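Please take me through this structure step by step, beginning with one place where helices meet and going on to the enclosed spaces inside.

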Amino acid sequence: MTGISSTPQWNALENDAAGLAGMSLRTLFEGDPERFARYSIEAAGLFLDYAKNKLTDEVVDHLLALAAAADVEGRRAAMFAGEAINVTEGRAVLHVALRAAVTDGYKVADVDVSAVVCAELKKMQGFCRRVHQGAFKGYSGKALDTVVNIGIGGSDLGPQMATVALQPYWIDGRRTFFVSNVDGQHLADTLDAVDPEHTLFIVASKTFTTQETMTNATSARAWFLKNGGAESDIAKHFIALSTNAEAVAAFGIDRDNMFQFWDWVGGRYSLWSAIGLSIALQAGFDNFEKLLAGARRMDDHFKTAPLAQNMPVMLALVGVWNRNFIGAAAHAILPYDQHLARLPAYLQQADMESNGKRVGADGSDVAHATGPVLFGEPGTNGQHAFYQLLHQGTDIVSADFIAPAISQRELGDHHEKLLSNFLAQTEALMCGKTEAEVRDELSREGMADAEIDALSPHKVFPGDRPTNSILMERLEPETLGGLIALYEHKIFVEGVIWGINSFDQWGVELGKVLARNILPEIAAAGENKPQATAHDASTNGLINKVNAMRGKVR
Ligand code: F6P
């Protein structure tokens, strides 16, 4: 058993939670006018208010003691020092080096990695310039104004999320598409919308072996060859972002057209590397650099601020409190900014692939809950979908509300309305509405007592739903960088406290292997296959059903 939950610090928090069971957040606010000032932090252009969580100063002290017991500062130092903290893969975890100053001198196994990072960034910058100026031309001599990024997971979600977020910075006349799913419709629909003479395909894959990406890349190449391009034109239209130079060469992409990154960059932490090339091509390299600079500001804050004033640390401690002591098994990411529409999906991978673990870094079972289920939608859309459960469901769901004070595109009073919803929701989740308030309201509306008796239980809001609010002045490349880095470090700190390795992802392997086994058993359209017998009755039955349906196709 991994031991954090048998420590006195954990035990103190359990006692705190039990002691606070009958205490409402409303009451905590009523007795403490300084709560907002005390439970808020400003850093790297972001403002975090975590006052609407069921915390007291004693709880905060105990959470900080828990961080000390888990040696958060020591583990943080180990990460920044380039130690192989990803123990199951024997790798350093140094995405911070991708956005560092050359003088920061980050090292992996005693090798200064700044020089290689810098060289690759320069190569990306030069490439962006040539594409933007039309000097990097397609096979018919035309400029490439369209990018199709082919990748999945970290090679898709990060660049896609950031590209969408930076829409106001897009270079006029440029378009970027992201193809991830092995469902051929994703690629086919995209290819319908692009012109081969103007299209640059970016094959983004850390390993360059991922089934989805290699299948899509192979089909895209075939489409290109069928639609005007020749083999000798591939170098003008296909580039690769990868750590695997041999596989890139075997696919037929020129070494000059490969942008590299390194095994100390995890896939879900890779948007700062060459994997971010699609961001730079669409929003400009200068804005990509600003994104890196914003993340670096958050890194500096995370590295140096005392834990009690450290935004990622406090966000993580609040996360642990809600997950392990308040019982929130799910966590919502609720950006009140349409351009952050892909942030929940991005953070789903960042958080759930990192902290969805049931075994500690030492291989023993953990004795406590780890990462929550993450989900989310931009506000206000989510309000008209799943907020009902947040307000009145039987489970406590914690949530992060994120908003810029000024919209990238102010339009009439839209943003005031958006912000009023952003603020009202956390207030409603925290305060709720008591039965007395409901009855009073209904009676003032003139409702008869019998009707009030029947309706009031449905109109009560229990409140005490924990939320964080993250504000920024505007959503800009720098603040976006800071926001992403905030979550990266939050996830790291939570993983340290839970005693797990946040940087491997063995849980995705089994399904991949079984899919490879099943693939030869799936009939091509119109084909007859023998009955499947090698699996359990359900899987055999489903394979046979699928094949019967596909066999009918003429
Ligand atoms: O399936 C999980 C995963 O390995 C992710 O961790 C990764 O981001 C994704 O697949 C894509 O991997 P690659 O960049 O190697 O194609």
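In this predicted model, a good place to begin is a meeting of two helices, where R76, M79 and F80 in α5 are in contact with D299, F302 and K303 in α13. Sorted by class, the residues of this contact between α5 and α13 comprise 3 nonpolar and 3 charged residues, with no polar ones.

Two packed helices are described by the angle between their axes and the distance between the axes. Here helix α5 covers residues 72-80 and helix α13 covers residues 285-304, and their axes come within 10 Å of one another while crossing at roughly 140°. Because angles over 145 degrees would be needed to count as roughly antiparallel, this crossing makes α5 oblique to α13.

One of the α5 residues in that contact, R76, also takes part in a salt bridge with E73, in which the closest N and O atoms are 3.8 Å apart. Both E73 and R76 belong to helix α5, where they are 3 residues apart, or about one turn of the helix. Across the whole structure, a search finds 22 salt bridges.

From the helices we can turn to the spaces enclosed within the protein. How many cavities of 30 Å³ or more are there? The count comes to 3, and the largest of them holds about 110 Å³ of space. Its lining is made up of 14 residues, and those that lie nearest the centre of this largest cavity are G319, H331, S398, K490 and E494. The elements that contribute two or more residues to this lining are α14, spanning 311-326, and α20, spanning 477-498, and it is α14 that gives the most, with 5 residues. By class, the lining of the largest cavity divides into 5 nonpolar, 5 polar and 4 charged residues.

The second largest cavity has a volume of about 50 Å³, and its lining includes L98, V117, E120, L121 and M124, together with Q260, F261 and W262 and with W272, S273 and A274. Which helix supplies the largest share of the lining of the second largest cavity? That is helix α6, made up of residues 114-132, which provides 4 residues. In the lining of this second largest cavity, 8 residues are nonpolar, 2 are polar and 1 is charged, whereas the lining of the largest cavity, as described above, has 5 nonpolar, 5 polar and 4 charged residues.

Methods
Residues are numbered from 1 along each chain as its sequence is written. This is a predicted model: local features need pLDDT of at least 70, side-chain atom pairs count only at pLDDT 80 or more; totals for chains, interfaces and linings use all residues. Side-chain values use heavy atoms; hydrogens and water are left out. Axes are lines fitted to C-alpha atoms, for helices over the stretch in contact, and angles run from 0 to 180 degrees between N-to-C directions. Angles under 35 degrees count as roughly parallel, over 145 as roughly antiparallel, 65 to 115 as roughly perpendicular and the rest as oblique. Contact means heavy atoms within 4.5 Å. Ala, Val, Leu, Ile, Met, Phe, Trp, Tyr, Cys and Pro count as nonpolar, Asp, Glu, Lys and Arg as charged, and the others, Gly among them, as polar. On a 1 Å grid over the protein atoms alone, a cavity is a set of points where a 1.4 Å probe fits but cannot get out, and a pocket is an open set with protein on both sides within 12 Å along at least five of seven lines; lining residues have an atom within 4 Å of a point. Grid points are joined across faces, edges and corners, and a volume is the space filled by probe spheres set on the points. A salt bridge is a side-chain nitrogen of Lys or Arg within 4 Å of a carboxyl oxygen of Asp or Glu.
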